[in-house]
Amino acid sequence: MSAIAEEIKMLNAEIPTGVKLVAVSKFHPVEALREAYNAGQRLFGESRVQELLEKIPQLPSDIKWHFIGHLQTNKVRQIIGKTALIESVDSLKLLEIIDKESEKVKVTTDVLLQIHVAQEETKFGFTPEEYLEIFQSGKLNSLNCVNIRGVMGMASNTDDKLRIRRDFSKIFELYKIISDDSQYDLKDFNIISMGMSGDWPIAVQEGANMIRIGTQIFGSRNY
Ligand SMILES: *Cc1c(COP(=O)(O)O)cnc(C)c1O
């Protein structure tokens with residue numbers, strides 16, 4: 001068995017039922033993805049539009065592609081209809097453009113709202129206040145072709161396990177505030193995507209039901 005297949009098998013054995021594994025394949029060649037596919041993996045995460053578009057036609061069509069990187073508004077059109085889930089919606093403007101482009105081609109696009117709780121300012125996402133505000137503002141009511149499925153977030157890049165746990169618990173709390181509020185008619189709002197190679201066990205303990213693993217499966221990336 002290849003090292004990639006081995007890792008996927010191990011992860012599947014370790015991850016609790018109900019937690020979905022997204023194999024983050026950015027910067028890795030299609031051969032590596034094919035090994036993962038042959039080991040049964042069907043969810044893949046990519047972070048760059050061009051790379052995603054090059055990979056899609058080279059791999060089997062039953063793969064579900066997640067977009068997990070910062071998405072520029074002028075590139076939205078290129079990935080609509082090709083991604084099962086855009087995990088990294090980080091502004092209302094981007095959400096509105098995804099809606100508009102989806103409407104044009106008559107599809108509904110599943111998305112997650114990316115929340116920024118980490119200490120690094122370089123990371124993208126809504127602040128907790130902005131996230132709550134977009135629900136409270138009523139601005140989502142006019143969007144017909146996006147389906148907001150939940151939240152995505154990252155913990156601070158630190159060895160401080162307590163800080164990591166607090167970041168994940170904050171993301172989960174923000175998810176709960178909206179999912180528990182009956183004024184928002186969000187019946188499909190049920191995905192909490194958090195946890196990467198270094199911190200996914202903590203994320204799962206804090207309520208993640210989708211984890212995004214790159215390095216642990218494919219090894220380190222050559223940027
Ligand atoms: C690259 C990336 C991952 C995977 O990170 P690893 O540490 O390689 O597991 C997860 N989520 C996002 C948003 C990423 O950009």
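Reader: Which element gives the largest share of the lining of the second largest pocket?

Author: This is a predicted model, where local features need pLDDT of at least 70, side-chain atom pairs count only at pLDDT 80 or more, and totals for chains, interfaces and linings use all residues. Residues are numbered from 1 along each chain as its sequence is written, and side-chain values use heavy atoms, without hydrogens or water. A pocket is an open set of 1 Å grid points where a 1.4 Å probe fits, with protein on both sides within 12 Å along at least five of seven lines; lining residues have an atom within 4 Å of a point. The largest share here is 3 residues, and they come from E6.

Reader: Which elements give two or more residues to the lining of the largest pocket?

Author: This pocket is lined by 30 residues. Lys 26, Lys 123, Met 154, Met 196 and Arg 221 lie nearest its centre. Elements are DSSP runs: helices (H or I) of at least four residues, strands (E) of at least two. Those giving two or more residues are E6, helix H7 (161-179) and strand E8 (210-213).

Reader: Which elements do so for the second largest pocket?

Author: The lining has 15 residues. Closest to the centre are Leu 140, Asn 141, Leu 143, Asp 185 and Leu 186. The elements that give two or more residues are H6 and E6.

Reader: How many residues apart in sequence are the parts that Phe 44 and Trp 65 tie together?

Author: The whole structure holds 6 aromatic pairs (ring centres within 6.5 Å; planes under 30 degrees apart stacked, over 60 edge-to-face, the rest tilted). Phe 44 and Trp 65 form a tilted one, 5.8 Å centre to centre with 40 degrees between the planes. Phe 44 is in strand E2 (residues 43-46) and Trp 65 in strand E3 (residues 64-67), so the parts tied together are apart in sequence by 21 residues.

Reader: Is the pair of Tyr 131 and Phe 135 buried or exposed?

Author: Both residues lie in helix H6, 4 residues apart, about one turn of the helix. They also belong to one aromatic cluster with Phe 172, Tyr 175, Tyr 184 and Phe 189. By relative accessible area (under 20% buried, over 50% exposed), Tyr 131 and Phe 135 are both buried.

Reader: How far apart are the end C-alpha atoms of helix H5?

Author: Helix H5 covers residues 92-104, 13 in number. At 1.5 Å a residue, counting one less than the number of residues, it should span 18 Å. The model agrees, because the end C-alpha atoms lie apart by 19 Å.

Reader: Which residue with positive phi follows H5?

Author: Several H5 residues are buried, including Leu 92, Ile 98 and Ser 102. After the helix comes a residue with phi near 55 degrees, Lys 106.

Notes:
Buried < 20%, exposed > 50% of the residue type's maximum accessible area, 1.4 Å probe, protein only.
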